[in-house]
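Okay, thanks for coming, everyone. I'll put the structure up and then walk through a few parts of it.

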Amino acid sequence: MAPIPRLRGYKGLALLSYGFRPFFLFGSLYAGVAILAWLPMFYGELALSTAFAPRDWHIHEMLYGYLPAVITGFLLTAVPNWTGRMPLQGRPLLALVLVWSVGRVAVTTSAWIGWEAAAVIDNAFLLLVAAAIGREIVKGRNWRNLKVLIALGLLLAGNILFHIEAHVLGAAEYGIRFGIAATMMLIMLIGGRIIPSFTRNWLVRENPGRLPAPFGRFDMVTMIAAGIALVVWIVAPRWSMTGTALIAAGALQLVRLSRWAGDRTWRDRLIFILHVAYAFVPFGFMLTGLASMGLLSSAAGIHAWSGGAMGIMTLAVMSRASLGHTGRPLVASAALQGLYLLLVVGALARVCAAMHPAWSDALLQVAGLAWAGAFGGFALVYWNVFTRPRVTS
């Protein structure tokens, strides 16, 4: 993501000058707070006035609460670069932030206001984001990036399904798998674009030699195989053939990752962490495949994807993009590297908790506190980045 080419003469709060600033900041804070609330909920020590079952509230607020905030921050910053148009700033940006925030309150208090009202308020955010992004792409005649609307549409459809399913059946299942699958496809699509690109640029400059393989037919095959496996998983998660498809897709994704020369980027932690995050993609496919065969708990693969691929990838992208778009050096500070490590430990602890029931209580505590510490720490470390004007040389 290159710097936005042109800006209005904006003189308001720096926090509202770029789409990434409020959504990365408040999204991170919410990710940490939501997990701190989830831990006592899991042990029956806290009850919220939500119409969702406790597990569903936790999953929903990570999948359809936190993630859409980060995706929105990314898109509102990327789209002006794609289209050459002015970015969303000031009051319109504030309005989107408020709609997202009200959605979080509505879901958490849905037992009071009713599940229908909560669903309408919650889904209004993704509708508004899709409308805003679609308008800019059409006005800028940037037709090749209309595919981002498909991703937003899938998330919106998954969220609607989640609300209906949770109300009618008492628990969401298809809505969860649908949302996870849509997000994983988005990570594979965007990750497959930015990781090799950032890696190539750094290696050419700092460590000449083997470079990432360019996007080609093999990448298309891996994406198609992953998409087929995820669709089958949504429909039939406990079928042995689903497990075979998932494991095969995971193996292809592992080969894809190995072609990006990530082992040569250790010295640049901002790039290396992107490869670490993507490693949880094939890891999750393989664990979920084993679960489909009845050999593991499904929670292992789901948390490899959610806590690992989604959590680490979003933190990695937020930290890098925020530095670049505020004129700061693309260098991972010692504090930021500590946050990366904390989140990796938390993701692995959560996967192990699902695989080793005897250790689950201790590992769940480690995972939850590590996640909350990583995202809360990120908001603290990047506070000035988000709330102060762009650094000018």
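**Helices, salt bridges and rings**

Let's begin with what packs over helix H8: the cover on its buried residues includes helix H7 (174-206), helix H9 (240-258), helix H10 (269-292) and helix H11 (298-325). Before I go on, keep in mind that this is a predicted model.

So which residues of H8 are buried? They are Asp 219, Thr 222, Met 223, Ala 226, Gly 227, Ala 229, Leu 230, Trp 233 and Ile 234. As for its length, H8 runs over residues 217-235, and its 19 residues should span 27 Å at 1.5 Å a residue. The end C-alpha atoms of H8 are 28 Å apart, so that agrees.

Now over to H6, which covers residues 147-169. H6 has 23 residues and goes 32 Å from its first C-alpha to its last, close to the 33 Å you'd expect at 1.5 Å a residue. On the buried side of H6 we have Val 148, Leu 152, Leu 155, Leu 156, Gly 158, Asn 159, Phe 162, His 163, Glu 165 and Ala 166. And what covers them? The cover includes H2, H3, helix H5 (115-139) and H7.

H6 also has residues facing out. Take Val 168, which sits in this helix. Val 168 has a relative accessible area of 59%, so it's exposed, given that anything over 50% counts. Val 168 is also part of a nonpolar surface patch of about 390 Å², together with Ile 160, Ile 164 and Leu 169. Then, just after H6, there's Gly 170 with a positive phi of about 90 degrees.

One more thing around here: how far apart are the C-alpha atoms of Glu 116 and His 167? They're separated by 9.1 Å, with their positions 51 residues apart along the chain. Glu 116 belongs to helix H5, and with 46% relative accessibility Glu 116 is partly exposed.

Okay, Asp 56. You'll find Asp 56 in helix H2, residues 54-83. Is Asp 56 buried or exposed? Buried: its relative accessible area is 1%. Leaving aside residues up to four places away in sequence, Asp 56 touches Phe 162, Ala 166, Gly 170, Ala 171, Ala 172 and Ile 176. Two of those names came up a moment ago, since Phe 162 and Ala 166 are among the buried residues of H6.

That brings me to salt bridges. The whole structure has 11 of them. Right next door in the numbering, Arg 55 pairs with Glu 173, at 3.5 Å from N to O. Arg 55 is in helix H2 and Glu 173 is in the loop between H6 and H7, so this pair ties together parts that are 118 residues apart in sequence. Both ends are partly exposed, Arg 55 at 35% and Glu 173 at 32% relative accessibility.

Compare that with Arg 104 and Glu 61, whose side chains meet in a salt bridge at 2.7 Å, N to O. This pair also links distant parts of the chain, with Arg 104 in helix H3 (residues 90-108) and Glu 61 in helix H2, 43 residues apart. Here both partners are buried: Arg 104 has a relative accessible area of 5%, and Glu 61 comes in at 0%.

The last pair I picked is Arg 205 with Glu 206, at 3.3 Å, N to O. Arg 205 is exposed at 55% relative accessibility, while Glu 206 is partly exposed at 39%. And there's a network too: salt bridges that share partners join Arg 55, Asp 56, Glu 173 and Arg 177. So the buried Asp 56 is in one network with the partly exposed Arg 55.

Finally, the rings. How many aromatic pairs are there? The count is 20. One of them is Trp 266 with Phe 272: the ring centres are 5.0 Å apart and the planes sit at 85 degrees, so it's edge-to-face. Both residues are partly exposed, Trp 266 at 48% and Phe 272 at 23% relative accessibility. There's also an aromatic cluster made of Tyr 18, Phe 20, Phe 24, Phe 378, Tyr 382 and Phe 386.

That's what I wanted to show. Questions are welcome.

Notes. Residues numbered from 1 in each chain as written. Predicted model: local features only at pLDDT ≥ 70, side-chain atom pairs only at ≥ 80, totals over all residues. Heavy atoms only, no water. Helix = DSSP H or I, 4+ residues; strand = E, 2+ residues; numbered from the N terminus. Buried < 20%, exposed > 50% of the residue type's maximum accessible area, 1.4 Å probe, protein only. Contact = heavy atoms within 4.5 Å. Patch = residues over 30% accessible without salt bridge, like charges linked within 9 Å, V, L, I, M, F, W, Y side chains within 5 Å. Areas by Shrake-Rupley, 256 points an atom, 1.4 Å probe, with all protein chains shown as cover. Salt bridge = Lys/Arg side-chain N within 4 Å of Asp/Glu carboxyl O. Expected span 1.5 Å × (residues − 1). Phe/Tyr/Trp six-rings, centres within 6.5 Å; stacked < 30°, edge-to-face > 60°.
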